[in-house]
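Visitor: Hey, could you walk me through this one? I'm new to reading structures.
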Amino acid sequence: MLKRVLIANRGEIAVRIIRECMDCGVEPVAVYSIADEQALHRILAEKSVCIGSPRPQDSYLNMENIIAAAVATGCDGIHPGFGFLSENSRFAQACMDAGLKFIGPAPQVIEAMGNKSKARALMKKNGVPVVPGSDGTVASAAEAAAVAEVIGYPVLFKASAGGGGRGMRKVMEAAEAEAMFQAASLEAESCFGDGSIYVEKLIEHPRHIEFQILADSFGNVIHLGERDCSIQRRNQKLLEESPAWGIDEAIREQMGQAAVKAAQAAGYENAGTIEFVVDRDGNFYFIEMNTRIQVEHPVTEMVTGVNLVREQLRIASGLPLSMKQEDVKLTGHAIECRITAEKITEDFAPCPGRVDFIHFPAGNGVRVDSPLYTGCEISPFYDSMIAKVIVYGQTRLDAIRKMRRALEEMVITGVESTLPLQHLILFQQDFLRGNYNTGFMEENMEVLVQVYLEAGGEQGDGKSLS
């Protein structure tokens, strides 16, 4: 195994990786910005290094400082977590150049799969279904419009180097093409330093289904089942569950095989995710590959019993996968709620500040991944996710009831959060029936907020909303 690993991240994922390193006998080293001097990930790690000022560009995105910290503390590996530099091929290469094992895929794989248009072409070449669209990027709005005319409106203009819903615009008719192309390209240039755009057919209100992949350096590739991530707002996930409810077994098997084929085509190593959209007729299409551990990985851990971060450490240490495809069994049902420090009634405006009091739920089948503690500060400089509540039940209904109870038990005071909204979702009839897609929040947000306000708009206590 690796001996000492630097975690190039913060928040709950840094805490998660630090704990796993300690459980595996690997010494963790934390990095932190000045704003995170009292952060839990820094407190938990025996060794920690300050890498810069609060701005991410000066700290968690500062490659030179992170590499220098790893070398200075004698690390032999770097775990990037998710976000920040986790899907940056230059950072992966810099780790290799410094003699450090990057706990993730090779730089060339990150680069190939990070370019969405090139990834589409690779999948198409290898027989993985892709959404109809342009062959590569388009050079102008006129060219984009020409592709749209062929495949039919509505379409999506998408950033080739994009992710997280940035650099993406829906185009409902030809008259919108020029303005939407410019808007998508400008945003892509601002966010990713690459304004190139490609065109895809808009699959309206699909289900967003993703398959967890593990691959080692010996050519072994397996999947660990799927997650339904369709409860989203502005392409940001609010709630995930595994397995996906109501997916036909034949389609599930086909998607799993396609996911493995996609990873093999990419020459993948370590943990990753193949993302699909599924239309109303059950057709599925590859949309992208995430070349990292994902936020929602705990639901897969719950239903498979596979410790994904431990597998990442094993793979990076040159060991083969600890299981084969036939060993993977999905049992029961798991749900995750991402709790963010945001104001529900103010268009999800961030709500940084001091946490006056925190109480996490517990009990059989309940897990909380969070960097919070009473008296800690939620920084305005970083992502607003403050906790993940994950539950496991023998059935989907059992898991839903357990999640309701867990959110009712959870208390966060001092800042506002999305906890009450997620509690309300668990009572919504379409969600209970598993009859939902990526349009769920758009269709239900107004009603959910109204119920929240009528209940008194109380934060941190879901009981008043049930």
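Guide: Sure, one term to start with: "buried" means under 20% relative accessible area, "exposed" means over 50%, and "partly exposed" is in between (1.4 Å probe, protein chains only). By that rule Phe348 counts as buried, because its relative accessibility is 9%.

Visitor: Okay, and what kind of model is this?
Guide: This is a predicted model, where local features need pLDDT of at least 70, side-chain atom pairs count only at pLDDT 80 or more, and totals for chains, interfaces and linings use all residues. Residues are numbered from 1 along each chain as its sequence is written, and side-chain values use heavy atoms, with hydrogens and water left out.

Visitor: Back to Phe348, where is it found?
Guide: Phe348 is in the loop between strand E15 (342–343) and strand E16 (349–350). Helices (H or I, at least four residues) and strands (E, at least two) are DSSP runs, numbered from the N terminus. Phe348 also has a positive phi of about 60°, although it is not a glycine.

Visitor: Which other non-glycine residue has a positive phi, near 50°?
Guide: That's His205. His205 sits in the loop between strand E8 (197–201) and strand E9 (207–215).

Visitor: Is His205 buried or partly exposed?
Guide: Partly exposed, because its relative accessible area is 25%.

Visitor: New topic: in what order do the 5 strands of the open sheet run?
Guide: The order is E3-E2-E1-E4-E5, and the pairing is parallel. Two strands pair if DSSP finds at least two bridges between them. The edge strands, E3 (47–52) and E5 (101–102), each pair on one side only.

Visitor: How many bridges link E1 and E4?
Guide: Strand E1 (residues 4–7) and strand E4 (residues 77–79) pair over 3 bridges. Leu6 has Ile78 in E4 as its bridge partner.

Visitor: And what about Ser33?
Guide: Ser33 is in strand E2 (residues 27–33), and Ser33 counts as buried because its relative accessibility is 0%. Leaving out residues up to four places away in sequence, Ser33 touches several residues, including Cys50, Tyr60 and Tyr382. Contact here means heavy atoms within 4.5 Å.

Visitor: Any odd peptide bonds?
Guide: Yes, a cis one joins Tyr153 and Pro154, with omega about 0°. Pro154 is in the loop between H7 and strand E6 (155–159). The peptide bond from Ser242 to Pro243 is cis too, with omega near -5°.

Visitor: Where's Pro243, then?
Guide: Pro243 is in the loop between strand E11 (236–242) and helix H9 (249–266).
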